[in-house]
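Me: I would like to go through some of the labels attached to this model and ask, for each one, what value stands behind it.

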Amino acid sequence: MNYNRLVLAFLLLAGSMAVSAQHVRVQKSTIDCGEVIYKHPVTAVFQLSNPTKHSIKIEKVRTGCDCVAASYPEERIDKWKRFEVSTVYNATLLGHFRKPVEIYVQGDVHPVTLWMQGVVVRDTIRSFDGKYPYKVGKLKVDKNEVEFDVHKGDRQVQKIYIFNPTQDIVQPVMMHLPDYLSSICSPSKLSPGHAGVALLTLNSHRLHDFGLTQTSVYLGTSLGDQVSPDKEIIISTVLLPSEDHPSGRISALSPKMYLSSRKLDLGSFGSKEELKGKIRIINKGKQILEIHSLQMFSLGLKVSLNKTKIEPGKSAVLKIIAIKSGLQKSKSKPRILMITNDPVREEVEIPIFVKK
């Protein structure tokens, strides 16, 4: 009997040692690549770290098939250091895909498994039956603003449908893309009176600051086309922590944000240059509510907050000023973005209504 108990204790101890021996921490184990155009390879970049007190070494990385290639640090990884594993799927098969990538680390009993998934579609993504209300350069589009709303580690694809109203064959191209955006236009050439689509892919691992990031890209009609204001498309990205981040865990002790108003109507400018209003932010939770970021989507707004850390049961005042001349120049709808540590309302948008 004592011998059996000794064996059982040894097995339990060995099992616990195997569990605790994991030397790699993964920020997000699955990356969804969304729609991928046939034969256009797609990349997924995984964020990992060494949580131990000593350096580690990746012995090998094994992919599920030859259609996936992986790159990883071949040198030893220092303690507490972050690193990346990059995977590329060649997209040579149509349809949904979910590909495993196994990371083998010296000293670990089992590999760490990462997954990249998505769906491979043909060049002509799908027909568009809507309207093209915006003129961008020589072309018409269904939208001149694009918004991405992602968690850290996500990949997201947005579409801009394009119509060629000219008498010439054009080659749509997105210009001045930042390094966190990539674009594919399909088909690559548009005949007169024909339509296509531009796929904009956001690689959120290349964004470093949570909250709002805005930039402008430009839609041209050929490679080497000139950039000009009439070709501008505004890109807005709201980046949140990864979904397994501690701030995303809900508990009875979490902070809870309540707003005195979910929107703000400031009325009409008339002869005034400025309109003012305010919203009260109340913490109805059990922990301190923190406003990590406070940003505007458009020109012509000024905001101030009397405190960014709100004790349970207390409140703060958000003051908003709308400026007529600034809003007249802005292409975006006036809105305010807040990033908080409330796990239910990490991201809050407050629309501002004015009559110009």
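Me: What makes the contact between the side chains of Glu-349 and Arg-335 a salt bridge?

Reply: In this predicted model, the N to O distance between the side chains of Glu-349 and Arg-335 is 3.3 Å. The rule asks for a side-chain nitrogen of Lys or Arg within 4 Å of a carboxyl oxygen of Asp or Glu, and therefore the term applies. The two residues belong to distant parts of the chain, with Glu-349 in strand 26 and Arg-335 in strand 25, 14 residues apart. Glu-147 is also involved, since Glu-147, Arg-335 and Glu-349 are linked in a network of salt bridges.

Me: Why is Arg-335 called buried, and why is Glu-349 called partly exposed?

Reply: Arg-335 has a relative accessibility of 11% and therefore counts as buried, the limit for that word being under 20%. Glu-349 has 30% and therefore counts as partly exposed, a term kept for values between the buried limit and the exposed one, which is over 50%.

Me: How do you know that strand 25 and strand 26 are paired?

Reply: Five bridges join strand 25 to strand 26, and the two run antiparallel; pairing requires at least two bridges, so the condition is met. One of the positions involved is Leu-337, whose bridge partner in strand 26 is Glu-349. Both strands belong to an open sheet of five strands with mixed pairing, in the order 19-26-25-21-23. Strand 19 (264-268) and strand 23 (309-310) are the edge strands of this sheet, each pairing on one side only.

Me: What makes Asp-342 a residue without a salt bridge?

Reply: The nearest side chain of opposite charge, that of Arg-345, is 5.7 Å away from Asp-342, which is buried. Because a salt bridge must fall within 4 Å, that distance does not qualify. The side chain of Asp-342 does, however, reach the backbone nitrogen of Val-344 at 2.9 Å. Asp-342 sits in the loop between strand 25 (335-340) and strand 26 (347-355), and, leaving aside residues up to four places away in sequence, Asp-342 touches Pro-255, Lys-256, Met-257 and Leu-289.

Me: How many salt bridges are counted by the rule, and what makes Lys-28 and Asp-154 one of these pairs?

Reply: The count comes to four salt bridges. For Lys-28 and Asp-154 the N to O distance is 3.0 Å, and the term therefore applies under the cut-off of within 4 Å. This pair links distant parts of the chain, 126 residues apart: Lys-28 lies in the loop between strand 1 (25-26) and strand 2 (30-37), while Asp-154 lies in the loop between strand 11 and strand 12 (155-163). Both Lys-28 and Asp-154 are buried. Lys-231 likewise forms a salt bridge, with Asp-225, where the closest N and O atoms are 3.1 Å apart; Lys-231 is called buried because its relative accessible area is 12%.

Me: Why are strand 11 and strand 13 described as standing at the edges?

Reply: The sheet in question is an open one of four strands, ordered 11-17-16-13, with mixed pairing. Strand 11 (145-151) and strand 13 (173-175) each have a single partner strand, so one side of each is left without a neighbour in the sheet. Neighbouring strands of this sheet are turned by 30° against each other on average, direction ignored. Strand 13 is joined to strand 16 (residues 211-220) by three bridges, the two running antiparallel, and Val-173 stands opposite Gly-220 in strand 16.

Me: What makes the backbone at Ala-91, at His-176 and between Ser-186 and Pro-187 worth a remark?

Reply: Most residues other than glycine have a negative phi, and most peptide bonds are trans. Ala-91, not a glycine, has a positive phi of about 55° and lies in the loop between strand 6 (82-89) and strand 7 (95-105); Ala-91 is called buried because its relative accessible area is 0%. His-176 also has a positive phi, of about 65°, in the loop between strand 13 and strand 14, but His-176 counts as exposed because its relative accessibility is 56%. The peptide bond joining Ser-186 and Pro-187 is cis, with omega about -5°, and Pro-187 is placed in the loop between strand 14 (181-186) and strand 15 (195-203).

Key
Residues numbered from 1 in each chain as written. Predicted model: local features only at pLDDT ≥ 70, side-chain atom pairs only at ≥ 80, totals over all residues. Heavy atoms only, no water. Buried < 20%, exposed > 50% of the residue type's maximum accessible area, 1.4 Å probe, protein only. Lys, Arg positive; Asp, Glu negative; His and termini not counted. Polar contact = N/O pair within 3.5 Å; in protein donor to acceptor, adjacent residues only side chain to side chain. Contact = heavy atoms within 4.5 Å. Axes fitted to C-alpha atoms, helices over the stretch in contact; angles between N-to-C directions.
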